[in-house]
Structure formats: structure tokens, C-alpha cells
Amino acid sequence: MKFSLAAYSTLLLLSSPNSCNLAKAQDSTRPICSPDPLEYSEAISLKVEKVGSIPTRTTKAFDYNMQSMDNFDGDTIYFLDQKFGVIYSFDTSTSETKTVLDKSSSDNIPEGLTLDWDYGSSGQTYKVKSMSQGTSSDEVIVVFTSSTLPPGWTEADSKLPAPGAFGAYVCGGIAWIKDIYRPGVIPDCFNIGAGLTTLTGYDTF
């Protein structure tokens with residue numbers, strides 16, 4: 001009889017005297033499986049050191065949406081204030097911070113994009129969504145989430161499934177949504193966004 005590596009590893013784990021039975025752990029009446037705490041080690045450790053700061057429009061808990069982008073050559077890391085549509089650069093060699101784009105004052109926003117929309121919580125708001133290095137070290141690609149399409153497009157290049165193709169029960173099966181991709185008004189049983197009418201956003205770069 002042959003076993004795959006994944007199956008063999010699972011059998012070893014389940015039969016180990018130092019580990020709990022993962023299958024039994026799925027029973028809510030039994031204790032949750034957890035590994036023993038790691039012992040202190042001077043050979044393997046993690047040290048956190050502050051090297052700089054990035055500004056934000058607000059420091060109130062759950063009221064901002066910041067994302068770091070470190071997929072670039074050189075010494076620069078970019079920080080996206082996704083909720084407010086601001087991009088900061090941080091030079092790791094000099095610890096210098098600069099504002100490189102602000103949707104409220106920049107002339108570099110592509111024509112036809114609408115970025116003044118608001119929706120739900122801060123974690124659901126992406127005026128600037130992502131960044132990536134372009135074809136050269138001095139080129140970047142910025143992804144915006146717009147509530148409108150840019151000139152030349154009457155529909156999105158990548159479309160959602162056909163209306164009504166996928167329905168689903170939500171909230172533990174107490175509510176039915178006919179189209180999970182176009183739910184309309186979010187049911188009251190949702191912890192986040194209950195009562196909101198869903199917004200269509202277009203990722204544009």
C-alpha cells in the first residue's frame with residue numbers, strides 16, 4: 001500500500017504520543033488542540049526595531065486601512081493609505097518619508113475614475129488598492145478602485161458570473177441570497193455591513 005507524503009505526515013501526526021487527535025478536536029465538546037509553547041532560545045529569536053514612521057489621516061482604532069508594498073527593487077517601500085487614497089514612500093537607507101500621490105490633490109489620477117465613494121467600514125474601502133513594479137526600476141503600476149469606468153470602456157474587461165448563477169445561504173443558514181455576487185442589501189444578520197446596499201467597484205490601473 002502506498003501513501004502520499006501528505007497522508008503519511010497526517011498519519012504520523014495523529015499517531016504521535018505528543019500530539020492530540022485532530023479528528024477528535026473537531027468535536028466541540030473536546031479540548032482544542034494546541035502545541036506546547038516554544039522554549040526560550042538565544043540562537044533563534046526575533047527583534048523588532050523601529051526604523052521610521054508613516055503618517056496617517058487618523059489614528060483612531062479601526063478607522064484607517066494601511067497596506068505596505070515591498071515588491072520593488074532598491075531601498076524604497078511604499079505604504080498605501082487605502083481608505084484615503086494616499087501613497088507614501090519610505091527610503092530604508094535614509095528613513096525619509098514622502099507623499100508620492102494623494103487622490104484629493106493629485107493631477108496624476110487617470111481620467112474618468114471616481115474615487116470619492118464611501119462604503120461601510122475602513123477595511124472595505126480601497127481608493128488605492130495595490131502597487132507593483134513596472135517594466136523598469138523607475139516605473140510603478142498603481143491599482144485604483146473606482147465606482148466608474150474610465151473613458152473607452154462601457155463594461156469591465158473581467159466580469160462577474162452571470163446574474164443568479166450562484167446563490168447561497170448565509171449567517172449559518174438563516175438567510176438566503178439569490179445572487180452571492182450581487183446581494184443587493186446586506187442582510188441584518190451580518191456582523192459587518194448589515195443594511196448596506198452593495199457597491200460595484202472597478203479595479204483600474
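The exercises below work through the strands, a surface patch and the disulfide of a predicted model.

Residues are numbered from 1 along each chain as its sequence is written, and side-chain values use heavy atoms, with hydrogens and water left out. Because the model is predicted, local features need pLDDT of at least 70 and side-chain atom pairs count only at pLDDT 80 or more, while totals for chains, interfaces and linings use all residues.

**Exercise 1. Overall composition**

State how many helices and strands the protein has, and in what order they run.

Solution. Elements are DSSP runs numbered from the N terminus: helices are H or I with at least four residues, strands are E with at least two. The protein has two helices and nine strands. From the N terminus on, the order is α-α-β-β-β-β-β-β-β-β-β. As for burial, 22% of the 205 residues are buried. Here buried means under 20% relative accessible area, exposed means over 50%, and partly exposed lies in between (1.4 Å probe, protein chains only).

**Exercise 2. From S1 to S3**

Describe how S2 pairs with S1 and with S3.

Solution. Two strands count as paired if DSSP finds at least two bridges between them.

Step 1. Strand S1 (residues 66-69) and strand S2 (residues 76-81) are antiparallel and share four bridges. Across this pair, Met-69 faces Tyr-78 in S2 as its opposite residue. The S1-S2 hairpin has six residues between the strands, and Gly-74 has a positive phi near 90° there.

Step 2. S2 is joined to strand S3 (residues 86-91) by six bridges, again in the antiparallel sense. Leu-80 stands opposite Ile-87 in S3. In this hairpin, four residues lie between the strands, and Gly-85 takes a positive phi near 70°.

**Exercise 3. The sheet with S6**

Give the strand order of the open sheet of three strands, and explain why S5 and S9 each have one side without a neighbour in the sheet.

Solution.

Step 1. The order is S5-S6-S9, and the pairing is antiparallel. Strand S5 (128-133) and strand S9 (202-204) are at the edges with a single partner strand each, so one side of each lacks a neighbour in the sheet. From one strand to the next, the twist averages 20°; the angles are taken between N-to-C directions of axes fitted to C-alpha atoms, for helices over the stretch in contact, and run from 0 to 180 degrees.

Step 2. S5 pairs with strand S6 (residues 140-146) over five bridges, and a hairpin of six residues joins S5 to S6. Met-131 has Val-142 of S6 as its bridge partner, and Ser-130 has Val-143.

Step 3. On the S9 side, S6 is paired over three bridges, with Phe-144 opposite Thr-204 in S9.

Step 4. Five of the seven residues of S6 are buried, so S6 is largely enclosed by the rest of the structure.

**Exercise 4. A nonpolar patch**

Find which residues form the nonpolar patch on the surface, and place Ile-180 in the chain.

Solution.

Step 1. A patch takes residues with over 30% relative accessible area and no salt bridge, joining like charges within 9 Å and nonpolar side chains (Val, Leu, Ile, Met, Phe, Trp, Tyr) within 5 Å. A salt bridge is a side-chain nitrogen of Lys or Arg within 4 Å of a carboxyl oxygen of Asp or Glu. Accessible areas follow the Shrake-Rupley method with a 1.4 Å probe, and for residues only the protein chains shown count as cover.

Step 2. Leu-160, Phe-166, Ile-180 and Tyr-181 form the patch, with about 390 Å² of accessible area together.

Step 3. Ile-180 lies in the loop between strand S8 (175-177) and S9. Its relative accessible area is 34%, so Ile-180 is partly exposed.

**Exercise 5. The disulfide**

Identify which cysteines form a disulfide, and locate both in the chain.

Solution.

Step 1. With a disulfide defined as a pair of cysteine sulfur atoms within 2.5 Å, the count is one. Cys-171 and Cys-189 form the disulfide, with sulfur atoms 2.0 Å apart. The link is right-handed, with 80° about the S-S bond.

Step 2. The pair links distant parts of the chain, 18 residues apart: Cys-171 is in the loop between strand S7 (168-170) and S8, and Cys-189 in the loop between S8 and S9.

Step 3. Cys-171 is partly exposed at 27% relative accessibility, and Cys-189 is partly exposed at 30%.

Step 4. Gly-172 is in the loop between S7 and S8 and is exposed, with a relative accessible area of 85%. Its C-alpha atom is separated from that of Cys-189 by 9.4 Å, the two residues being 17 residues apart along the chain.
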